[in-house]
Amino acid sequence: MAEHDDETTWTDFKAAVNMTASALEKFLDTDESQAVGQKSNGKGESTGHASGRRIVDLLHTKKADLTEDDYAHMRKVVSYVHRHLKQGGPDDKDAVKDSPWRLSLMNWGHDPLKD
C-alpha cells in the first residue's frame, strides 16, 4: 500500500475545495445539485452529492481529528476535481454557469467560476 503524506493531502484538499462548508451545504440542497452526477442504477443519490455531504463534514472537522479514512476521501476529492477540470467545460463561457460540468464540480466542493 502506498504511503501518503497527510500534510500534502490537507494542502491539496484545501486548494481543490474552494467552496465554504455553508456554501456547499446550501448548494447540495438545490434541485440542480441533486440532478447531476452518476447514480447507482440511475436512482437515488449521486456519488458526487454523497461526496459533497462528506466534504461538508470534513470542512467542519478539526485537522487534528481527521482519520485515515478522512484523508483517503480527501485524496479522492482532489483527484476528481483535477481530472474533471482537465476535461474542461463548455467552450461557450456563458454556458458554464448552468452546465452539468460546473454543477458536478460544485457537488465536489469546487466552483470553477471562483478561480
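**Packing around helix 7 and helix 5**

Leu105 is in contact with Tyr80, Val81, His84, Leu85, His110 and Pro112, when residues up to four places away in sequence are not counted. The model is a predicted one. Leu105 lies in helix 7, and its relative accessible area is 0%. Because buried residues are those under 20%, Leu105 is classed as buried. One of its contacts, Val81, is 24 residues away in sequence, yet the two C-alpha atoms are 6.6 Å apart in space.

The helix that holds Leu105 is mostly covered. Helix 7 spans residues 100-107, and seven of its eight residues are buried. These are Trp101, Arg102, Leu103, Ser104, Leu105, Met106 and Asn107. The buried residues of helix 7 pack against several other helices, namely helix 2 (21-28), helix 3 (31-35), helix 4 (47-60), helix 5 (68-87) and helix 6 (93-96). Just after helix 7, Gly109 adopts a positive phi of about 90 degrees.

The segment after helix 7 also takes part in ring packing. The count of aromatic pairs in the model comes to one. This pair is formed by Tyr80 and Trp108, with 4.3 Å centre to centre and 15 degrees between the planes. Planes under 30 degrees apart count as stacked, so the Tyr80 and Trp108 pair is a stacked one. Distant parts of the chain are linked by the pair, as Tyr80 belongs to helix 5 and Trp108 to the segment after helix 7, 28 residues apart. Both rings belong to buried residues: Tyr80 has a relative accessible area of 14%, and Trp108 has a relative accessibility of 5%.

Helix 5 is also approached by helix 1. Packed helix pairs are described by the angle between their axes and the distance between the axes. The axes of helix 1 (residues 6-16) and helix 5 come within 9 Å and cross at roughly 45 degrees. Helix 1 is therefore oblique to helix 5, and the crossing of the two is left-handed. On the helix 1 side, the contact is made by Asp6, Thr9, Trp10, Asp12, Phe13 and Ala16. On the helix 5 side, the residues met are Glu68, Tyr71, Met74, Arg75, Val77, Val78 and Val81. By class, this contact has eight nonpolar, one polar and four charged residues. Val81 thus appears in two settings, as a residue met by helix 1 and as a residue touched by Leu105 of helix 7.

Notes
Residues numbered from 1 in each chain as written. Predicted model: local features only at pLDDT ≥ 70, side-chain atom pairs only at ≥ 80, totals over all residues. Heavy atoms only, no water. Buried < 20%, exposed > 50% of the residue type's maximum accessible area, 1.4 Å probe, protein only. Helix = DSSP H or I, 4+ residues; strand = E, 2+ residues; numbered from the N terminus. Contact = heavy atoms within 4.5 Å. Phe/Tyr/Trp six-rings, centres within 6.5 Å; stacked < 30°, edge-to-face > 60°. Axes fitted to C-alpha atoms, helices over the stretch in contact; angles between N-to-C directions. Parallel < 35°, antiparallel > 145°, perpendicular 65-115°, else oblique. Left-handed = near helix turned anticlockwise from the far one by under 90°. Nonpolar A, V, L, I, M, F, W, Y, C, P; charged D, E, K, R; others polar.
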